[in-house]
Amino acid sequence: MASARLGRSIKRAPLGFGTKVSLVFFLGLAFVVTWWTFSSPSASAVSSQRSSFDDIEALPATPAPRKGKEHSRKKAHQKKPPDSLPKNENLKRTAVGSKNDKKEKEKKKGGGGEIEQVAAAKNETSKPEGQQEEEESEEKEEKVDVEGLEEVTDSETATDEDMEEGVDVNAEDDAGEDNLKNRSKKKKKLGPLFDPKARYTWKLCSGKTGHNYIPCVDMEGGHRHHERSCPRTPITCLVSLPKDYKPPEAWPERESKIWFKNLAHPKLSEAIKTQSWLNLSGDYLFIPSEESEFKGGAQHYVSSIEEMVPDIEWGKNIRVVLDIGCTGAGLGAVLLKKDVVTLSLGLMSDQTDMAQLALERGIPAVVGNLRSKRLRFPSSVFDAIHCGECGIPWHSNGGRLLLEINRVLRPGGYFITSTKHGDIDAEEGMTALMSSVCWNILAHKADEVSETNIRIYQRPTSNDVYDIRATKEPPFCRENENQDVAWYTPVKACLHKVAAAIEQRGTDWPEEWPKRLETFPEWLADSEDKLTKDHEHWKAIIDKSYLAGLGIDWSNIRNVMDMKAIYGGFAAALASQKVWVMNVVPVHAPNTLPIIFERGLLGIYHDWCEPFSTYPRSYDLLHADHLFSRLKNRCKQPIVIVVEMDRILRPGGWVIIRDKLEIMNPLETILRSLHWDIRMTYGKDKEGLLCAQKTWRP
């Protein structure tokens, strides 16, 4: 009873002033903690969406809005002009971090030369033996091993924003439009592409290929695939640098003068011993302009072709050429002086190494093969195709390989082939095969200087010629077959007809270069306004921002890649510069690659969830316009795209990325963890731009 009365008396006792103040304090603290926990801080303090930056004459070095001292520090840093790269390429370079950055530890493992690099999302820290110190701050970051990142979204049910028009170039026949309609009903809210709190652990790739590693070409043990075959496990390791690597010479000197240690490998060393056009002097490899893999020089070889068929008119009538089996890219080097852009196809054999030589020289090249799968190009796009000293058995397997050439060669386009004197069987087989596909032989010459037999054929421009074939072999392909499907698509032993209706692509030859760059044919009449606006849009961005406002020395830029090209506007705007651009159209995107070729530009299909078929350090500049935001649903580990960018970009090379701020901010952290220098960031209306430079990494 006494205790009960005591309890009632306590309840009735009025609260004192100190008690009330304490209660209010704790209630306020609880509110702050609750608000902090459930709020999602935005990287941008803006209200409306912005789709472009073409009105920025010279992008101010202003970062996207940040919090606290980090924002002030970065703003002060970006007002400084970009540092020039060190002349001592062995000097360690670290990305610019926050004010509280700590020292970073590198752990070298004996035997394999492996280096483990760990970077935090905000503060780069490291402890001896590679152990990470647990952070005590309230914003404790989660350590993520890139070998085991989880899939962000369900790629099978989510739809891709790029599929808003056109068809998937990886779809079979007419299934693309149906799949698009079905997938569009299954849209769902997607999570972030990159975890903003993640930390990444980087390791060097092992294996005999070392610093020349091409993931979808090279196998374990130093062997090579006969055709493209990518590892099942996503590649998240980093490719090492050759010893004593140096940046390429400025154009045009790099065309004939190469720092040999950049690409030294046994096969090239053997070629130097046997080829007179490869001269090693000291540390440099020289390729005299008057010499080439063609005896008598590539200039004589090209002149012989012009004499045989004057209508070819290099640089006017002929602008885009495919050179199969590039060897030393001598043909491409000579044609370049005639305003012809030649893509050298390095086959997965000895020529693959020569593709690396071509890229180091600043001449377009890609690694591929011509076997059972289609080339990764649309139909009817190349003005001419060349195969010099060609040992490909075109007439075998029912002429399947030549039928693939027939697919990608423009109607009325030229097929130029040369063989060594005396190869009678190959010549007879080619004669019979050309008759069966109704290609007209325009000229045949036994050139005594080059010691080759040169033959020039032309693909028909009309289907009428097929009606007079003696036999129906090879048969025609199905009329509803999509000729542009070219991603892991088998080559079929059938003959594609020529487009007949005026609204179909391929009925008319493009305008002469350079008029074709801005002149659109009748089959693009419905899109002419859209293409014109796209061209003006990118011209404004290039002229007002990229060429002047980013701190890039364009005299050192030659090999450029647009990782998500649409109409080729970015490449067209750079046409006046001394660069070439590889326009990549992702396989999940609308099929705009034929338009790019029609304009006289180069391009290829690719899926960025897999490595690109090229050597490491191939490109001087990468451009990615909303690439990452369009890949949310495709890649199981989106980080592999960044790893691939690191592989194909040379040290000292640049990257320009435009995307949503929710992607750009964690992406900036990832690039810093790779020891890239962030030269500039800019954010407005939920959209951002980032310009970074890859440095020499240990």
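Let's start with a small piece of this predicted model: an open sheet of 3 strands, in the order 5-7-6, with antiparallel pairing. Which strands stand at its edges? They are strand 5 (257–259) and strand 6 (279–281), and each has a single partner strand, so one side of each is left without a neighbour in the sheet. Going from one strand to the next, the twist averages 30 degrees. Strand 6 is joined to strand 7 (residues 284–286) by 3 bridges, and the two run antiparallel. If you want to find one of these pairings by eye, look for Asn-279, whose bridge partner in strand 7 is Phe-286.

**The chain as a whole**

Zooming out, the chain has 15 helices and 21 strands. It is 698 residues long, and 54% of them count as buried. Now take the contacts in the chain with a separation of 6 or more: 71% of these are between residues 24 or more positions apart.

**A sheet of 7 strands**

Another open sheet has 7 strands, in the order 17-16-15-18-19-21-20, and its pairing is mixed. At the edges you'll find strand 17 (602–606) and strand 20 (677–684); each has a single partner strand, so one side of each is left without a neighbour in the sheet. Here the twist averages 15 degrees from one strand to the next.

Two helices pack on this sheet. Helix 11 (residues 528–546) touches strand 18 (619–625), strand 19 (649–660) and strand 21. Helix 14 (residues 639–648) touches strand 15 (559–562), strand 18 and strand 19. Here is how each of them is angled against strand 19:

| Helix | Residues | Angle with the direction of strand 19 |
|---|---|---|
| Helix 11 | 528–546 | about 125 degrees |
| Helix 14 | 639–648 | about 145 degrees |

Strand 20 deserves a closer look. How many bridges join strand 20 to strand 21? There are 7, and the two strands run antiparallel, with strand 21 covering residues 687–693. Among the facing residues, Ile-678 has Ala-692 as its bridge partner in strand 21, while Met-680 stands opposite Cys-691. Strand 20 and strand 21 form a hairpin with 2 residues between them, and Asp-685 in the turn has a positive phi of about 50 degrees.

Is strand 20 mostly buried or exposed? Although it stands at an edge of the sheet, 7 of its 8 residues are buried, so strand 20 is largely enclosed by the rest of the structure. As for where side chains go, there's a handy rule: in a regular strand they alternate between the two faces of the sheet.

**A covered helix**

Helix 9 (residues 400–408) is mostly covered as well, with 8 of its 9 residues buried. The buried ones are Leu-401, Leu-402, Leu-403, Glu-404, Ile-405, Asn-406, Arg-407 and Val-408. When you look at a helix like this, remember that an α-helix has 3.6 residues a turn, so residues three or four places apart point the same way.

**Two residues up close**

Now compare two single residues. Ala-571 lies in helix 12 (residues 569–573). Its relative accessibility is 5%, and the cut-off for buried is under 20%, so Ala-571 counts as buried. Not counting residues up to four places away in sequence, Ala-571 touches Val-581, Asn-583 and Leu-601. Ile-596 is 25 residues from Ala-571 along the chain, yet their C-alpha atoms are separated by 9.1 Å.

Gln-504 is found in the loop between strand 14 (452–458) and helix 11. With a relative accessible area of 37%, Gln-504 falls between the 20% and 50% cut-offs, so it is partly exposed. Leaving aside its neighbours within four places in sequence, Gln-504 is in contact with Ala-499 and Trp-523. From Gln-504 to Leu-524 the distance is 9.0 Å, C-alpha to C-alpha, with the two 20 residues apart in sequence.

**Empty space inside**

Finally, the gaps. Rolling a probe the size of a water molecule over the atoms shows where empty space is left. How many cavities of 30 Å³ or more does the structure hold? It holds 6, and the largest has about 220 Å³ of space. This largest cavity is lined by 18 residues, and the closest to its centre are Arg-228, Asn-369, Lys-373, Arg-374 and Arg-376. The lining divides into 10 nonpolar, 3 polar and 5 charged residues. Strand 10 (residues 365–368) gives the largest share of that lining, 3 residues.

Conventions. Residues are numbered from 1 along each chain as its sequence is written. This is a predicted model: local features need pLDDT of at least 70, side-chain atom pairs count only at pLDDT 80 or more; totals for chains, interfaces and linings use all residues. Side-chain values use heavy atoms; hydrogens and water are left out. Two strands pair if DSSP finds at least two bridges between them. Helices (H or I, at least four residues) and strands (E, at least two) are DSSP runs, numbered from the N terminus. Axes are lines fitted to C-alpha atoms, for helices over the stretch in contact, and angles run from 0 to 180 degrees between N-to-C directions. Contact means heavy atoms within 4.5 Å. Buried means under 20% relative accessible area, exposed over 50%, partly exposed in between (1.4 Å probe, protein chains only). On a 1 Å grid over the protein atoms alone, a cavity is a set of points where a 1.4 Å probe fits but cannot get out, and a pocket is an open set with protein on both sides within 12 Å along at least five of seven lines; lining residues have an atom within 4 Å of a point. Grid points are joined across faces, edges and corners, and a volume is the space filled by probe spheres set on the points. Ala, Val, Leu, Ile, Met, Phe, Trp, Tyr, Cys and Pro count as nonpolar, Asp, Glu, Lys and Arg as charged, and the others, Gly among them, as polar.
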